[in-house]
Amino acid sequence: MKTSLKGTLGMAAALAGLTLGTGLMAGEDDNLIVNEEIEMTVRAPAPEHVDAFDTIYSGWVFRSDETQALQADDFDNPAFVFVDTAIDSWNTVDGTEGKSCASCHEDPMESMAGVRAVYPKWNEQAGEVRTLEMQVNGCRTEQMGAEPWKYDGTDMVNMTALISVPSRGMPVDVSFDGPEREMWEKGKELYYTRTGQLELACANCHEDHYGDMIRADHLSQGQINGFPVYRLKNAKLNSAHARFKGCIRDTRAHTFAPGSDEFVALELYVATRGNGLSVEAPSVRN
């Protein structure tokens, strides 16, 4: 199939500054051990449903030595300022039922172990695929009688970071062969659909050009096992949907809202592409 002139010009504009075919990655052979005790799997055989490459890599592999080092020690990892804030929220009573998160779940380091590794997941009672953010708001509204948090607001991203911590080092194991399959297929379609004035799909960068330089940074495979992510660029925690929104905006397209069905589907699909990598959240990226 021939690429349209518009598509060719759009791709050229988007990839301006991209050094093609370098095959280089910062820290390609490095291993991540957090706090000298939590061994992370940062490269693994690609899941069977991923045809684009044989090996999947954590976004950590593509970062500079200095950025990698920040994630290797919780005292250096700036994300933990926000995790500490979430601990206060975890223990704070909110809503008409007089409950806090701790009222039902007690110590998050025990009760939340393994949770982050399997989200998004099908919720049988609700009859829908739920992200971790959706589950948090479900608990707030249904169990605590509290107001839901903004999907990608500070309270929410801090809480999902806290909930992720006990799962660090565990393999991502997101299901897609059950009732969630329809949503997964929708997410896959979105991943490969060109959008915007630049006519780019997620795959054009994260499959076709991962490891190449774009401006002053390496493109990763777009894995989300490290989300929420502390980005040095904006000095705060960022949700996966905020990153999706930014990527689509960069294609000069109308983007979807965080928490929308489209982004839930995309998160489900992208999460399964990282099955086998370790949960790293909260991670540090450029």
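Q: Which element gives the most to the lining of the second largest pocket, and with how many residues?
A: α6 does, with nine residues. α6 is a helix here because helices are DSSP runs of H or I with at least four residues, strands being runs of E with at least two, numbered from the N terminus, and α6 spans 132-144.

Q: What kind of model is this, and how are residues numbered?
A: It is a predicted model, in which local features need pLDDT of at least 70, side-chain atom pairs count only at pLDDT 80 or more, and totals for chains, interfaces and linings use all residues. Residues are numbered from 1 along each chain as its sequence is written, and side-chain values use heavy atoms, with hydrogens and water left out.

Q: What makes a residue part of the lining of the second largest pocket, and which lie nearest its centre?
A: A pocket is an open set of points on a 1 Å grid over the protein atoms alone, with protein on both sides within 12 Å along at least five of seven lines, and lining residues have an atom within 4 Å of a point. The second largest pocket has 25 lining residues, and nearest its centre are His 105, Gln 135, Val 136, Gly 138 and Cys 139. Two or more lining residues come from each of α4 (101-105), β6 (121-123), α6 (132-144) and α7 (154-164).

Q: How many residues of each class line the second largest pocket?
A: Its lining has 14 nonpolar, seven polar and four charged residues. Ala, Val, Leu, Ile, Met, Phe, Trp, Tyr, Cys and Pro count as nonpolar, Asp, Glu, Lys and Arg as charged, and the others, Gly among them, as polar. Val 136 and Cys 139 therefore fall in the nonpolar class, whereas Gly 138 is polar.

Q: Why are some spaces called cavities, and how many of 30 Å³ or more are there?
A: A cavity is a set of points where a 1.4 Å probe fits but cannot get out. The structure holds two of 30 Å³ or more.

Q: What is the volume of the largest cavity, and which elements give two or more residues to its lining?
A: The largest cavity has about 120 Å³ of space, where a volume is the space filled by probe spheres set on points joined across faces, edges and corners. α6 and α10 (240-250) each give two or more residues. The lining includes Leu 132, Glu 133, Ala 240 and His 241.

Q: What is known of the second largest cavity?
A: It holds about 40 Å³, and its lining includes Arg 116, Val 172 and Gly 274. By class, this lining has four nonpolar, three polar and one charged residues.
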